[in-house]
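Open the model in your viewer and keep a selection prompt ready. The tour moves from the ligand shell to the sheets, then to rings and backbone oddities.

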Amino acid sequence: MTTLTNLTQERRLVTAIPGPKSTEALKRRTEATSGGLGMAIPVVIERASDAILLDIDGNQIIDLGSGIGVTGVGNSAQRVVDRVIEQVQAFTHTCFTVAPYMNYIEVCEKLNAMTPGAHKKKSLLVNSGAEAVENAVKIARHFTKRPAIVVFEHSYHGRTNLTMALTAKNMPYKEGFGPFAPEVYRVPMPYSFHWVGDQATITEDAIEMVTHKIDKEIGAHNVAAILIEPIQGEGGFIVPPKGFLPALAKYSKDNGIIFIADEVQTGFARTGHMFAVEEEGVVPDMVVTAKGIAGGLPLAAVTGRADVMDSVHASGLGGTYGGNPIACAAALGAIETMEEENLVARAQHIGEILGSSLRALAKKYPVIGEVRGRGAMQAIELVEPRTKNPNTAAMNAVVKYCQSQGVLVLTAGTYSNVVRFLPPLVITDELLKDALSVLDDAFASL
Ligand SMILES: *Cc1c(COP(=O)(O)O)cnc(C)c1O
């Protein structure tokens with residue numbers, strides 16, 4: 001089988017962005033869709049393949065966002081498309097807890113094998129990252145019989161009621177949407193760019209602050225789980241200093257706390273490891289995955305220690321659509337793509353190009369305060385030159401310039417001053433370099 005979406009992997013502008021057709025279509029968007037929805041780029045998409053988005057005016061846009069880190073294997077990746085077509089023709093749904101099917105089981109076998117640690121693991125499939133985080137919390141509470149969940153400053157875990165409580169940033173995620181779920185405790189996150197000292201000192205200080213808060217204010221014996229993104233995504237690609245995650249994992253183990261890694265954005269080869277916690281050899285009790293798992297179909301998972309995952313009574317977990325067979329087929333195609341195309345190595349290669357280019361830009365443009373991230377998950381924090389004051393205006397101007405030239409980049413950050421890069425891992429070097437040269441022009445135009 002072949003896809004209809006093999007677009008040439010090159011940027012091509014035939015109209016302004018947005019073009020006339022997108023402009024018309026976006027009027028209908030405004031009329032028909034909730035005003036509560038955002039929009040990163042004002043174009044309407046007709047097709048996409050790998051790292052190119054084709055809009056309805058015929059513009060080919062370089063995708064450096066992957067639909068928020070989802071299409072790591074490329075948009076409409078061949079193995080994903082083939083398996084989805086095969087599955088949709090076989091059957092579309094039974095509900096796994098009504099009548100099971102093989103590809104749900106196969107996805108779980110894959111996740112149990114791929115996630116860090118040689119211990120016995122089991123998995124649960126659901127529909128979204130937020131739902132997976134919710135389930136991880138449910139299971140951790142059930143297993144430990146403890147109420148408290150510890151989360152971090154700058155964290156993002158989703159938009160449902162519990163995950164809003166777990167998420168740090170008020171605007172836009174939480175404003176006016178409370179009251180929020182109780183027994184969620186927020187502790188400091190070592191955000192090195194805004195902290196004082198070298199990495200070792202920052203790690204030591206942060207661990208001291210976190211464990212003090214848990215021991216003295218919550219009581220470690222009340223804590224079911226410590227939940228953390230190994231590199232914070234929406235918060236602005238904040239990379240914890242070396243030693244922080246291993247120390248947290250050890251503290252959790254010593255205190256009977258379930259250590260949950262939210263790898264929703266960092267997982268599936270994105271950071272140059274299959275999972276970001278591998279960088280420091282951390283083995284979580286539970287790993288939460290979504291975004292990159294199924295090449296664009298909605299799927300998410302909780303994978304954890306078998307004793308923890310099995311502690312829940314039968315029918316205590318589930319949902320109508322969780323692990324839908326079409327999404328599972330897509331996941332098997334996506335995971336096969338990661339393995340056969342060695343996308344872990346590819347992410348490291350992208351990381352070298354991206355990192356060196358961004359560092360070169362930072363030397364040239366003092367508005368770039370820091371370059372950070374890992375592999376194909378990197379970002380720049382924009383500041384008023386020679387300070388650490390956020391520069392949201394510069395971020396907006398850079399993003400707008402890139403869009404006008406046919407390059408889609410996403411933003412992030414607690415202070416709304418981070419430009420983040422999450423290209424499909426199959427992006428060609430030429431396309432990536434073309435996009436980075438547009439970024440250079442964007443800074444020159446400020
Ligand atoms: C996107 C994200 C979520 C939420 O996933 P959804 O599929 O949007 O519900 C949770 N955690 C992290 C780290 C994320 O980046």
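Start with the shell around the ligand: three residues are nonpolar, five polar and three charged. Here Ala, Val, Leu, Ile, Met, Phe, Trp, Tyr, Cys and Pro count as nonpolar, Asp, Glu, Lys and Arg as charged, and the others, Gly among them, as polar.

Before you select, note that this is a predicted model: local features need pLDDT of at least 70, side-chain atom pairs count only at pLDDT 80 or more, and totals for chains, interfaces and linings use all residues. Residues are numbered from 1 along each chain as its sequence is written, and side-chain values use heavy atoms, with hydrogens and water left out.

**Stop 1: the ligand**

Select Ser128, Gly129, Ala130, Tyr156, His157, Gly158, Glu229, Asp262, Val264, Gln265 and Lys291. These residues surround the ligand; a residue is near a molecule if one of its heavy atoms lies within 4 Å of it.

Now look for polar contacts, that is, pairs of N or O atoms within 3.5 Å; within protein, one must be able to donate a hydrogen and the other to accept it, and residues adjacent in sequence count only if both atoms are side-chain atoms. Show the backbone of Ala130: one of its N or O atoms lies 2.8 Å from a ligand oxygen. Add the side chain of Gln265, where an N or O atom is 2.8 Å from an oxygen atom of the ligand. Then add Lys291, with a side-chain N or O atom 2.7 Å from a ligand oxygen. How much of the ligand's accessible area does the protein cover? On its own the ligand has 380 Å², and the protein covers 82% of that (Shrake-Rupley method, 1.4 Å probe; for residues, only the protein chains shown count as cover).

**Stop 2: the antiparallel sheet**

Switch to cartoon. Helices (H or I, at least four residues) and strands (E, at least two) are DSSP runs, numbered from the N terminus. Two strands pair if DSSP finds at least two bridges between them.

Find the open sheet of four strands ordered S11-S12-S15-S14, with antiparallel pairing. Strand S11 (368–374) and strand S14 (410–412) are its edges, each pairing on one side only. Neighbouring strands are turned by 30 degrees against each other on average, direction ignored; the axes are lines fitted to C-alpha atoms, for helices over the stretch in contact, and angles run from 0 to 180 degrees between N-to-C directions.

Zoom in on S11 and S12, joined by six bridges. Arg372 has Ala379 in S12 as its bridge partner. Two residues lie between the strands of this hairpin, and Gly375 takes a positive phi near 60 degrees there. Next, select S12 (residues 377–382) with S15 (residues 418–421): they pair over four bridges. Glu381 stands opposite Val418 in S15.

**Stop 3: the mixed sheet**

Move to the open sheet S1-S2-S3-S13, where the pairing is mixed. Strand S1 (45–49) and strand S13 (407–408) each have a single partner strand, so one side of each lacks a neighbour in the sheet. S1 pairs with strand S2 (residues 52–55) in the antiparallel sense over four bridges. Pick Ile45: it stands opposite Asp55 in S2.

**Stop 4: rings**

The structure holds nine aromatic pairs. Rings of Phe, Tyr and Trp (its six-membered ring) pair if their centres lie within 6.5 Å; planes under 30 degrees apart count as stacked, over 60 as edge-to-face and the rest as tilted. Select Phe91 and Tyr101: this pair is edge-to-face, 5.6 Å centre to centre, with 65 degrees between the planes. Both lie in the loop between helix H3 (78–90) and helix H4 (102–114), so the pair ties together parts ten residues apart in sequence.

**Stop 5: backbone oddities**

Go to the cis peptide bond joining Ile17 and Pro18, with omega about -5 degrees. Pro18 sits in the segment before helix H1 (20–32). Finish at Ser76, which is not a glycine yet has a positive phi of about 50 degrees.
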